[in-house]
Amino acid sequence: MTLPILITGGLGFIGSHTAVVLAEAGVPIVILDNQSNSSPKVLDRLAKLDVHPLEYVHADVRDTQALDALFGRHTFGGVIHFAGLKAVGESVAQPLRYLDNNVLGTLHLLQAMERANVRRIVFSSSATVYGDPAVVPIPETAPLTATNPYGRSKLMCEDALRELFAADPRWQIAILRYFNPVGAHESGLIGESPNGVPNNLMPYITQVASGQRDYLQIFGNDYSTPDGTGVRDYLHVMDLAQGHLAALRSLASDMPKLLTVNLGTGQGVSVLEMVNTFARVNSVQIPHRFVPRRAGDVAQCLADPQLAKQVLNWQTELSLESMCRDAWRWQTMNPLGFAS
Ligand code: NAD
Ligand code: UD1
C-alpha cells in the first residue's frame with residue numbers, strides 16, 4: 001500500500017494507535033479530526049513515536065468543502081473512518097447531536113469519497129449493534145438491533161454502507177464491530193483520555209488505582225455469569241489497531257467486496273476478574289463496592305472471532321495482563337490524560 005490512507009478521528013483513542021500501526025507498516029497517513037474529543041498533543045506524541053502524517057487537518061467530517069479540498073490534495077488509497085461520538089448515556093440525552101455527527105458525518109464522507117473516486121473504507125462499528133445477544137459468542141450473522149441512539153447511529157451507518165455496496169459494487173467496505181478495546185501503546189505516550197467521569201470500566205479502574213476516585217462501583221453482582229458480574233470481551237487497543245491494517249490489506253488485495261467482521265478475543269472476562277488482574281499485575285489496590293445493575297447493560301457480550309481469522313488473517317495476540325499493565329503505565333505517566 002503506497003497511497004496514503006486518510007484516518008478520520010485519528011487523534012482519538014483507537015485512531016491514534018492505528019496511526020502508529022500504519023506508520024510502522026510504512027503506510028503514509030493523513031489525519032483529520034475536529035478535536036471534539038481529543039487533544040492536539042496527540043500529534044506531538046505521535047511524532048515521538050516516529051509517526052509523521054503527511055498532513056493533519058483540523059476539520060469536521062461534515063465540512064464538505066474541507067473534505068473536497070483534502071481529497072483534491074491527495075490521492076488516497078482508502079479511508080479509515082473513526083470520527084464519531086461514542087458515549088451511550090450522552091446519546092440518550094442528545095440523540096439529534098449523535099445522529100448529526102455520526103450519521104451525517106459518515107454520509108458526507110462517503111459522498112466526498114465518491115466525488116474523488118476513492119471507494120475503499122474501513123468503518124468503526126461496535127458490538128452494540130447486537131443489543132442483548134441471544135447467543136454468545138456472537139457470530140456476525142446474529143440479529144442486529146439498536147438499544148440507544150449511539151447504537152442506532154452505528155446501525156444506520158452500517159445500513160448505508162450495505163446499501164451503497166448493493167448499488168455500486170466497486171466499493172470496498174470493511175465494517176469492523178469492535179468489542180471492548182482497552183490498554184494503551186506500550187510507550188505510555190498515547191492512550192485513552194476520557195473527559196470527566198469515565199463511563200467505561202478500564203479508565204475508571206485506572207483512576208481508582210491512582211487515587212483520583214475513591215472506589216469502583218461494580219454494576220451488578222447478580223447476573224447469570226460465573227461470579228455474578230458482567231462479562232465482556234476486552235481486547236488490547238494495539239491488537240485492534242492491527243485489525244485495521246489487516247482489513248485494509250484484505251480490501252486492497254482482492255476484488256471489490258463488503259466485509260463485516262467482529263474484532264474481539266472470544267474470551268469472556270468478568271468485572272471482578274478484570275479488577276483482580278489489574279490489582280495483581282500492577283501491585284495496586286482497587287477498592288470496590290457492589291451497586292445495582294446499570295440500565296441498559298447486558299450480562300455477557302463476547303465475539304465469535306473466527307471470521308476475522310479467516311478473512312483478515314487477524315487474531316488478538318496480547319493478554320489481559322498486557323492490557324492492564326499498559327493501561328496503568330499510560331495512567332501513571334499521564335495522570336490527567338492529555339490534560340496532564
Ligand atoms: P475517540 O472519541 O477517542 O475518537 C474519536 C475521534 O473522532 C476524536 O478524536 C474526535 O475528536 C473525533 N471526531 C468526532 N466527531 C468528529 C467529526 N464530526 N469530525 C471530525 N472528527 C470527529 O473514540 P474512540 O474510542 O477512538 O472510537 C473511535 C470510533 O470507534 C468511534 O466511531 C466509536 O464509536 C467506535 N467504537 C469505539 C469503541 C470503544 O470502546 N472505544 C467501541 C466500539 C466502537
Ligand atoms: C459500553 C457501551 C457500549 C460500547 C462499549 C465499548 C454502555 C451502556 N455501553 O459497553 O455501547 O460499545 O462500552 O466501548 O455504556 N462497569 C462497572 N463499573 C463501572 C463501569 C463499568 O461495573 O464503573 C461494568 C459494566 O457494568 C460492564 C463492564 O464493566 O459489565 C464493562 O463496562 P463498559 O466498559 O462500560 O463497557 P460495556 O458495558 O461493554
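# A walk from strand E6 to two ligands

Hi everyone, let's begin at one spot: Phe-123 stands opposite Ile-175, a residue of strand E6. Before we go further, please keep in mind that we are looking at a predicted model.

So what surrounds that spot? Strands E5 and E6 pair with each other in the parallel sense, and seven bridges link them. If you want to find them on the screen, E5 covers residues 120–126, and E6 covers residues 172–178.

Now, is E6 mostly covered or mostly open? It is mostly covered, since seven of its seven residues are buried. As a rule, side chains in a regular strand alternate between the two faces of the sheet. You can follow that here: Gln-172, Ala-174, Leu-176 and Tyr-178 point one way from E6. Ile-173, Ile-175 and Arg-177 point the other way, and the residues of both sets are buried.

Let's stay with Ile-175 and Arg-177 a little longer, and meet a residue that touches them. Thr-260 is in contact with Ile-175 and Arg-177, and also with Glu-140 and Leu-307, if we leave aside its neighbours within four places in sequence. Thr-260 itself sits in strand E11, residues 258–263. Why does Thr-260 count as buried? Because its relative accessibility is 18%, and the cut-off for buried is under 20%.

Back to E5, which leads us to ligand 1. Which element supplies the largest share of the shell around ligand 1? That is E5, with three residues. Helix H1 (13–24) and helix H6 (149–167) join E5 in supplying at least two residues each. In total there are 27 residues around this ligand, and Asp-33, Asn-37, Ser-38, Lys-86 and Tyr-150 come nearest. Sorted by class, the shell holds ten nonpolar, twelve polar and five charged residues.

Here are some polar pairs you can click on. The side chain of Lys-86 has an N or O atom 2.8 Å from an oxygen atom of ligand 1. Ser-36 uses its backbone instead: one of its polar backbone atoms is 3.0 Å from an oxygen atom of the ligand. And a nitrogen atom of ligand 1 is 3.0 Å from an N or O atom in the side chain of Asn-101. How much of ligand 1 does the protein bury? Taken alone, ligand 1 exposes 820 Å², and the protein buries 95% of that.

On to ligand 2. There are 18 residues around it, and Leu-201, Gln-217, Arg-232, Arg-294 and Asp-297 come nearest. Strand E8 (216–219) gives the most to this shell, with four residues, while helix H7 (201–209) also supplies at least two. The classes here are eight nonpolar, seven polar and three charged.

Look for backbone atoms around this one. A polar backbone atom of Gln-217 is 2.7 Å from a nitrogen atom of ligand 2. Phe-219 places a polar backbone atom 2.9 Å from an oxygen atom of the ligand, and for a backbone N or O atom of Asn-199 the distance to a ligand oxygen is 3.5 Å. By itself ligand 2 exposes 740 Å², of which the protein buries 86%.

Next, a visit to helix H3, residues 64–73, where we find Leu-70. Leu-70 counts as buried because its relative accessible area is 0%. Not counting residues up to four places away in sequence, Leu-70 touches Leu-6, Val-30, Leu-32, Glu-55, Val-57 and Phe-76. Leu-54 is 16 residues from Leu-70 along the chain, and their C-alpha atoms are separated by 12 Å.

Finally, some backbone oddities. In general, most residues other than glycine have a negative phi, and most peptide bonds are trans. Asp-50 has a positive phi, near 65°, and it lies in the loop between helix H2 (41–48) and strand E3 (55–58). Asp-50 is exposed, because its relative accessibility of 57% passes the cut-off of over 50%. Asn-117 is not a glycine either, and its phi is positive at about 60°. You will find Asn-117 in the loop between helix H5 (95–115) and E5, and at 55% relative accessible area Asn-117 is exposed too.

Which two residues does a cis peptide bond join? They are Val-136 and Pro-137, with omega at about -10°. Pro-137 is placed in the loop between E5 and H6. Thanks for listening!

Note on methods. Residues numbered from 1 in each chain as written. Chains lettered and ligands numbered in written order. Predicted model: local features only at pLDDT ≥ 70, side-chain atom pairs only at ≥ 80, totals over all residues. Heavy atoms only, no water. Near = heavy atom within 4 Å. Polar contact = N/O pair within 3.5 Å; in protein donor to acceptor, adjacent residues only side chain to side chain. Areas by Shrake-Rupley, 256 points an atom, 1.4 Å probe, with all protein chains shown as cover. Nonpolar A, V, L, I, M, F, W, Y, C, P; charged D, E, K, R; others polar. Buried < 20%, exposed > 50% of the residue type's maximum accessible area, 1.4 Å probe, protein only. Contact = heavy atoms within 4.5 Å. Pairing = 2+ DSSP bridges.
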